[in-house]
Structures are given as C-alpha cells and as structure tokens.
Amino acid sequence: MDPDGPRGVRRALGRLLEAVLASRGEANAVFDVLAVLQSEDQEEIQDAVRACSRLFGALLERGELFVGQLPPEEMVMAGSQGATRKYKVWMRHRYQSCCNRLAELLAHSSFQVTELALSTLMKFVQLEGTHPLEKPKWEGSYLFPRQLFKSVVEGLLSLEEDRSLLLSQFREYLEHDDIRYHTMLAATDTVARVTNRHPEVPLAFWNNAFTLLSAVSLPRQDGAASSFYVKRVERSDKWKVMHLKEHRKAFQLMWLGFLKHKLPVSLCKKVLVIMHDSILPHLAQPSLMIDFLTRAYDVGGAISLLALNGLFILIHKHNLEYPDFYRKLYGLLDPSVFHVKYRARFFHLADLFLSSSHLPAYLVAAFAKRLSRLALTAPPEALLMVLPFICNLLRRHPACRVLVHRPQGPELDADPYDPSEEDPAKSRALESSLWELQALQQHYHPEVSQAASVINQALSVPEVSIAPLLELTAFEIFERDLKKKGPETVPLEFVPAQGLLGRPADLCAQHFALS
C-alpha cells in the first residue's frame, strides 16, 4: 500500500477492489482489503469498510458466492471439485470473515466506525435477502439472512457498553415490517442466551435490551405487511412475516421473555411507564402480563403507582379478577403520594377505580377518610386537587355523606377511625367524620380554605372535574397569586414613629439613649 497516509490507503484499496472484480485470478487481493479492517486508524478502517461494501455487494449481485450449506474451506480446496466451485466457496468464506469483523466493529470506540459498520451490515442483509445464500426448502419458501441479522442484533445488545446512540440509528430500519419481525425473534433469542450464560446480567445489557424492545412498535390496525426492507418480486400469504397476527405473537414472546427476569428497579419503572400505551395494546394475549404487573404492584412505592395503569386496562378491558385490589390501593395512600413524580397519573386512575356506584360504602368512606387525614400535611397544590376528589366521592356515594353530617360526632381525641389499619373494612371510617376538612377551612392559603368550605353547603349533583388540577404545581399557584389584583386602597393601622428611638414610653427608649 502507498505510504503517504489515508489517501494512499484509499487509492490502494480502490486498485485492489478493481483487480478482484475484474479477474478471479486476483482473488487473493481480498486478504489485503480485509487486513485493513484490522487497522488501528479510524479513517483506514472506514475506507476498508466501504471497499468491502462495494466488493461483496457486487459479488452478491453477480452470484459469485457459494449458495447452500457452506462446507469447510480446507476440504473443498483439497478436493477435486471444479475451479468455479472452489472460487465461490473460498470467496464465501472471505465474505463470512468480513461480516464477522464488521460485527466486531459495532463495539468500536468511534461512532463513525460503528455507524458505518451497521449500515454496511444492513446493506448485506438486504442483498442476501434479494440474492439468498441458502437454498429454498420448497418452492416459494420465505428466505431471510437470519444468522447475519442475528449477529447485528447481538452487536447492538452489548453487555459492556451503552449502545443507545447506535440503537437510535437502527430505529429507522424498524419501520420495515420484515426487519421489525426478525428483530423481535433475534432479540428474544439473544436475551434468553445471555441470561442463561450469565448468572449476573450487567445493567448495560438490560438498558440496551429495553432501548431496542421499546423501539419496536406494531401498527394498530390489522392488515397485511406492506413495507419490506428486503425487496421481493413475489410475496406469499403463507409467509408468517406477512401477517400482523404473527407479529403480535413475536412481540408477546419478546416482552414476556424479557420481563420474566428480575430487572433493576430503574428499568421496571421505565417498562411500567410505557406498559399501558406501547405494550399491552399490541399483545396477542394481554392477560399474560398479569404476573409481572401483580409482582410490580406488590413492591410498593412508585412502582406500585405505575403498575396501576396496566392493571386498570386488564381489569376493565379483559375482565381480570384481582383479589384484595382495593386493599392494596388503600395501602398506597401515604404522605409521599402527594410528592411523587407520578402523582397525577395515580389520582387519575384512583378516580377511575372509585367511580363505580357498586362499591360498598365502608370502602369509599375509608378512602375519603384516609385522604382527609393525609390532607392535613399536604402542600397547597395537592390540596387543591384532593379536596375536590374527596367531595366527588361523597357526590357519587350518598351513603358516605354521613361523614360530613354528624353534628353529635365523637371528640377529636376519640376518633374511631384507625389510620394504622391496613384493611379498609376494619378501619371504622364510616363511624368517624371528616373533621379534617373543617380544620382545613382555616388553612393559610385562601384557595385551599375556599375548597374545604364546599362541604358547608349541599354538594352539587354534577361532579367537579379534577383533570385540570392533576398537574398543578406550587410554581403555577405562586404565579397565579402574583397576577391577582388586590384592592386599590388597603386600610392600615399604625402609629407614626417619633424620633430615631420612638416615643419616650417605648421599650427601646427606656434602655437606650442618644448621646
């Protein structure tokens, strides 16, 4: 090769490329091209990758690579087969070496190298699909370069390093139905293989796997697949890749295989955030997610709050029966619920779960009483949402209005309600009263005081929508107060100061004197 830097390497690679494509007698020059792939210089590697792309792309299109189960190179070269067969087998082995090296380059430190290696491998996937290197099992059978594509997915799901940037580049290929289908199959196999081999799976692998899995999005409406990355002259309805039903099965196997493992807490939260919108609607059998969701719901804290969304869909749309659901929902009500990141989502779902008029009065009373007790220490932005929430419960369930119409109720030090009781049926909330709301009528913030005073009058029949209040923040309340216009004249009572130390009878003048 020319010694004058990258340009010399590029020219040398160009000459080698032309020689190999022009004459089979120059085939050994492929070794020189492949050798540059092992270089330490980034520009040389990129030049070599481009040269390999052009070289093997042309050979695939010409049909000059061996088709079928690839035999060992030594056996073929030592045998008595014809020169053409020997050449094709030999060149197919060189192509295999090139693909293996490109898969290794997906872990290169330079993003330019990894991006180029990925695009080259995906080009080979497309060309291999169009010009298969395997013989069809029967006429019209579906052929796809599964092994080559699997090596791409395995390279993306690194165990050591974060691949989010490269996965974002791969996302554009997932728009094609065939790539999406085989990505799901390859990801399922890779997760199973890695978890079987490694007792402690690194966090980097879980993060990479979630990034890839969450990027897979199926179409909402049924219909035949139409966007193919590998161009086909004819398509058959017998191919699984053609049917959304098969895509959903693969999608389900992929997520179930991922979620059956013990995931890091941070990753559980990410999965639960997208569960109701991006996972459950696309599953062939959404009820199979019950094990994961119930395990998450039993964890407590923010994870339980996030699991509510998925459980809500399974309970209301798929008739799931979940024993002790309301007992566990009641257990989630603690002081932290007003401060967590997912407060709005929790109260939105709690409002839906408590909307049924068939719920027993003792249960609704327990929720109203628990929320009222927690409201005593809640911030104003939470109070402006939770007070209408409690009033809506009383509107829906007239049997609970006794909580605000008990003039001869017990003294505060004899409140029968037991806040430490985990079972709402045993909390004795229905025997108590919502004296906490009366206390909040003396709250320092005028809007909170006004919201708590609603119980002093007969509750209106239409409910108050809490949707605009779910995302309310302290900053918004502060900004709203700043924009309020007060009265033009405010009466003040004060005594004008006389002298620096005030009047002679003032305390300051009694102890200090100016001299």
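Begin by selecting Ser-53 in this predicted model. Beyond the neighbours within four places in sequence, Ser-53 is in contact with Thr-120, Lys-123 and Phe-124. Ser-53 itself belongs to helix 3, which covers residues 42–62. With a relative accessible area of 10%, Ser-53 counts as buried, because the limit for that class is under 20%.

Next, turn to the largest pocket, which holds about 640 Å³ of space. To find its centre, select Glu-128, Pro-145, Arg-146, Gln-147 and Leu-148, the closest to that point among the 26 residues of the lining. Then display the helices around the pocket: helix 5 (83–105), helix 6 (111–130), helix 7 (146–156) and helix 9 (177–197) each give two or more residues to the lining. Which helix gives the most to the lining? Helix 7 does, with six residues. If the lining is coloured by residue class, twelve residues appear as nonpolar, eight as polar and six as charged.

The aromatic rings are the next stop. Across the whole structure, a search finds 22 aromatic pairs. One to select is Tyr-297 with Phe-325, a stacked pair with 5.6 Å from centre to centre and 20 degrees between the planes. This pair joins distant parts of the chain, since Tyr-297 lies in helix 13 (residues 290–299) and Phe-325 in helix 15 (residues 325–331), 28 residues apart. Are these two residues buried or exposed? Both Tyr-297 and Phe-325 are buried.

For a group of rings, select Tyr-142, Phe-144, Phe-149, Phe-170, Tyr-173, Tyr-229 and Trp-239 together; ring pairs link them into a cluster.

Two arginines may then be viewed against aromatic rings. Arg-94 lies over the face of Trp-90, at 4.9 Å from the ring centre. Arg-370 is placed over the face of Tyr-330, at 4.2 Å from the ring centre.

The tour ends at Phe-389, in helix 18 (residues 380–396). What does Phe-389 touch, not counting residues up to four places away in sequence? The residues to display around Phe-389 are Phe-347, Ala-350, Asp-351, Leu-354, Leu-371 and Ile-466. Of these, Leu-371 may be selected for a distance: Phe-389 and Leu-371 are 18 residues apart in sequence, and their C-alpha atoms are 9.1 Å apart in space. Phe-389 has a relative accessible area of 2% and is therefore buried, the limit being under 20%.

Terms used. Residues are numbered from 1 along each chain as its sequence is written. This is a predicted model: local features need pLDDT of at least 70, side-chain atom pairs count only at pLDDT 80 or more; totals for chains, interfaces and linings use all residues. Side-chain values use heavy atoms; hydrogens and water are left out. Helices (H or I, at least four residues) and strands (E, at least two) are DSSP runs, numbered from the N terminus. Buried means under 20% relative accessible area, exposed over 50%, partly exposed in between (1.4 Å probe, protein chains only). Contact means heavy atoms within 4.5 Å. On a 1 Å grid over the protein atoms alone, a cavity is a set of points where a 1.4 Å probe fits but cannot get out, and a pocket is an open set with protein on both sides within 12 Å along at least five of seven lines; lining residues have an atom within 4 Å of a point. Grid points are joined across faces, edges and corners, and a volume is the space filled by probe spheres set on the points. Ala, Val, Leu, Ile, Met, Phe, Trp, Tyr, Cys and Pro count as nonpolar, Asp, Glu, Lys and Arg as charged, and the others, Gly among them, as polar. Rings of Phe, Tyr and Trp (its six-membered ring) pair if their centres lie within 6.5 Å; planes under 30 degrees apart count as stacked, over 60 as edge-to-face and the rest as tilted. A charge sits over a ring if NZ of Lys or CZ of Arg is within 6 Å of the ring centre and within 35 degrees of the ring normal.
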